[in-house]
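Colleague: Got a minute for this model? I'd like a quick tour.

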Amino acid sequence: MCIRDRYWIDFDNKTILKRTVVHKGSIFSIKILDDKIWTCGGDGFLCVLDPAVMMVEKSIRLSAQGLRCIELVKDKLLVGGSDNHIRVVNPLSLDTEKILHNAHSNSIFTMWFDGQSILYSGGRDAVLKLWETSTWKEVKNLPAHWFTINKIIPVGDNNLVTVS
């Protein structure tokens, strides 16, 4: 099933206001940042949508392979992809400021930032990795699952995460 379309729905009236084609292929991640909607998809594009006009404001192709996840880290946008890289992107210019080449040995499905200094990442290689965001150096590498890591979520306030 292709879920490339973005639907704008009025929940009060239970009606579809508009349908916008955003990606050629699946949309894998959606985030809200500064009143804009950010999407990444199987076509390798990062897109910014303006909800006020329900249209794509700008987009950029970051990879020839799919982009799988988006995470906000301080004033940067991180994008994980099927090319095994994590890209550090300036959200204003969409310039790629740094690429963590081969951050994983397979597709990166999920990332979570602890709000202070550590980025957690996981994906098809079933390894949970921790990155120091001031240097972008890997600080821990933990085999954390039998198959894939699809989601990382914090548990309480004890610096614990769970992966699935």
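Colleague: What radius of gyration does the chain have, and what would a compact globule have?
Modeller: The chain has 16 Å, which agrees with the near 15 Å of a compact globule with 164 residues. The radius is taken over C-alpha atoms, and the globule rule is 2.2 Å times the number of residues to the power 0.38. This is a predicted model: local features need pLDDT of at least 70, side-chain atom pairs count only at pLDDT 80 or more, and totals for chains, interfaces and linings use all residues. Residues are numbered from 1 along each chain as its sequence is written, and side-chain values use heavy atoms, with hydrogens and water left out.

Colleague: How many helices and strands?
Modeller: 0 helices and 16 strands. Both are DSSP runs numbered from the N terminus: helices are H or I, at least four residues, and strands are E, at least two.

Colleague: Which residues have the most contacts inside the largest nonpolar core?
Modeller: Leu-78, Ile-86, Met-111, Leu-119 and Trp-136, in a core of 13 residues. Strand 11 gives the most, with 3 residues. A nonpolar core is a set of buried Ala, Val, Leu, Ile, Met, Phe, Trp, Tyr and Cys residues joined through side-chain atoms within 4.5 Å. Buried means under 20% relative accessible area, with a 1.4 Å probe and protein chains only.

Colleague: And what share of the chain is buried?
Modeller: 47% of the 164 residues.

Colleague: Back to the core. What does the second one include?
Modeller: That separate core has 12 residues, among them Trp-38, Cys-40, Ile-70 and Val-89.

Colleague: New topic. What does the C-alpha trace span?
Modeller: About 45 × 30 × 30 Å along the principal axes.

Technical notes:
Buried means under 20% relative accessible area, exposed over 50%, partly exposed in between (1.4 Å probe, protein chains only).
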